[in-house]
Amino acid sequence: MKNSVKVHAALFVVSLIYAANYSISKDVMPRYMGPFGLVLLRVVGATLFFTILSRLVAPHDRIIGRADNLRAIACGVLGIGLNQLLFFSGLNLTTPINASLIQTITPVVTVLASVVLLGERLTVPRVLGLGIAGMGAALIILGRTPGAEGQNVVLGNLFILLNATAFGLYLVLVMPLMRTYQPFTVLARIFQVGLVLAVPAGWQQVSTPDYASFPPSIWAAIVFMVVCVTIMAYLLNNWALKYASPALLGAYIYLQPALAVGIAVALGKDSLTTTKAVQALLIFGGVFLMSRKPRKATPAVLPLEPAQK
């Protein structure tokens, strides 16, 4: 019972962290730092943390074999490099509510990837759910949402969709590694791979800002993104995975848009309209149908956490 309460508390904190990130990131981008610069700071911090932690917790654990090493490289490219670069590029252009709603497409991508890579059955409800969720996402992506001057909101929405796609594929690929090796060993390796992409992409944006001009609130936002969004969220999710089913962890992705909407509206970063509410209902309904497990089939791999981040 105690573990159950702790698991739900951990997953709620993760959802709250990710939801707050949609609005907090907008305070930093693009005025103080570009999206790729933020990605580099996050990946560097997480790489150092998980590399040191893996040496302390599991010093003799190593990813071995050509197949597992290639899988780890693919996970680092999709789950860290492309995932974070696309997410912050998209969030820099679109609104927090749009980004949080489109992110719920991740379970759809995960189920489709499970069908192709793991032999899952694609049932009629899942096909229907794919169509409904896809319609909701398309309406958001193509909708005329006001943005800041010079912003291309449609392009930002598309980047978020690609981010969700990359992370959905990553979740299917990373599960065998998580079941074979110590989680910190896997996290250290995939962040090291992601760092190879983040350094050339973000070096210019991280070296040009006038850091002396940053107000305390911006420094606090950057620390939040490195410590909470990147390190703490990964730690809590991996701890919860020891006691909770993947389905429970996957279900918490649906809480994030609701929290993100509340935070964005409360901070004046975005507004909730009837159109967005309808689009959200389409996505949630479609994702619910897609996430239902087919009878007499291997359980689908559901997302452990939302795309980012």
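Trainee: How far apart are the end C-alpha atoms of helix α3, and what span should its residues give?

Mentor: In this predicted model, helix α3 covers residues 66-93, which is 28 residues. At 1.5 Å a residue, the expected span is 40 Å. The computed separation of the end C-alpha atoms agrees with that, at 39 Å.

Trainee: At which residue does α3 bend, and by how much?

Mentor: The bend in α3 is located at N83. Its angle is about 35 degrees.

Trainee: How many helices and strands does the protein have?

Mentor: Read from the N terminus, every element in the run α-α-α-α-α-α-α-α-α-α-α-α is a helix. The count of strands is zero, and the count of helices is twelve.

Trainee: Among contacts between residues at least 6 apart in sequence, what share joins residues at least 24 apart?

Mentor: The contacts in question leave out pairs under 6 apart in sequence. Of those that remain, the share joining residues at least 24 apart is 90%.

Trainee: What percentage of the residues is buried, and what part of the accessible surface belongs to carbon and sulfur atoms?

Mentor: The protein has 309 residues, and buried ones make up 52% of them. The accessible surface comes to about 13600 Å². The part of that surface belonging to carbon and sulfur atoms is 69%.

Trainee: Which residues make the nonpolar surface patch of about 450 Å², and which elements give two or more of them?

Mentor: The patch is made by F12, V13, L16, V223, V227 and M232. One of these, F12, lies in helix α1. The elements giving two or more residues to the patch are α1 (2-28) and α9 (216-241).

Trainee: Is F12 buried or exposed, or in between?

Mentor: The relative accessible area of F12 is 38%. Buried would require under 20% and exposed over 50%. F12 therefore counts as partly exposed.

Trainee: Which peptide bond is cis, and what is its omega?

Mentor: The bond runs from M29 to P30, and P30 sits in the loop between α1 and α2. This cis bond has omega near -15 degrees.

Trainee: R31 is in the loop between α1 and α2; is R31 buried or exposed?

Mentor: The relative accessibility of R31 is 69%. The cut-off for exposed is over 50%, so R31 counts as exposed.

Trainee: How far is R31 from P209 in space?

Mentor: Along the chain, R31 and P209 are 178 residues apart. Their C-alpha atoms are separated by 9.5 Å.

Trainee: Where is Q182, and which residues is Q182 in contact with, leaving aside neighbours within four places in sequence?

Mentor: Q182 is in the loop between α7 (153-180) and α8 (183-207). At 22% relative accessibility, Q182 is partly exposed. Its C-alpha lies 6.9 Å from that of D61, although the two are 121 residues apart in sequence. With the sequence neighbours set aside, the contacts of Q182 are V57, A58 and D61.

Trainee: What distance separates the C-alpha atoms of G131 and L282?

Mentor: G131 belongs to helix α6 (residues 124-142) and is partly exposed, with a relative accessible area of 41%. L282 is 151 residues away from G131 along the chain. The C-alpha distance between G131 and L282 is 9.5 Å.

Methods:
Residues are numbered from 1 along each chain as its sequence is written. This is a predicted model: local features need pLDDT of at least 70, side-chain atom pairs count only at pLDDT 80 or more; totals for chains, interfaces and linings use all residues. Side-chain values use heavy atoms; hydrogens and water are left out. Buried means under 20% relative accessible area, exposed over 50%, partly exposed in between (1.4 Å probe, protein chains only). Contact means heavy atoms within 4.5 Å. Accessible areas come from the Shrake-Rupley method with a 1.4 Å probe; for residues, only the protein chains shown count as cover. Patches are made of residues with over 30% relative accessible area and no salt bridge: like charges are joined within 9 Å, nonpolar side chains (Val, Leu, Ile, Met, Phe, Trp, Tyr) within 5 Å. A salt bridge is a side-chain nitrogen of Lys or Arg within 4 Å of a carboxyl oxygen of Asp or Glu. The expected span of a helix is 1.5 Å times one less than its number of residues. The bend at a residue is the angle between axes fitted to the seven residues ending there and the seven starting there.
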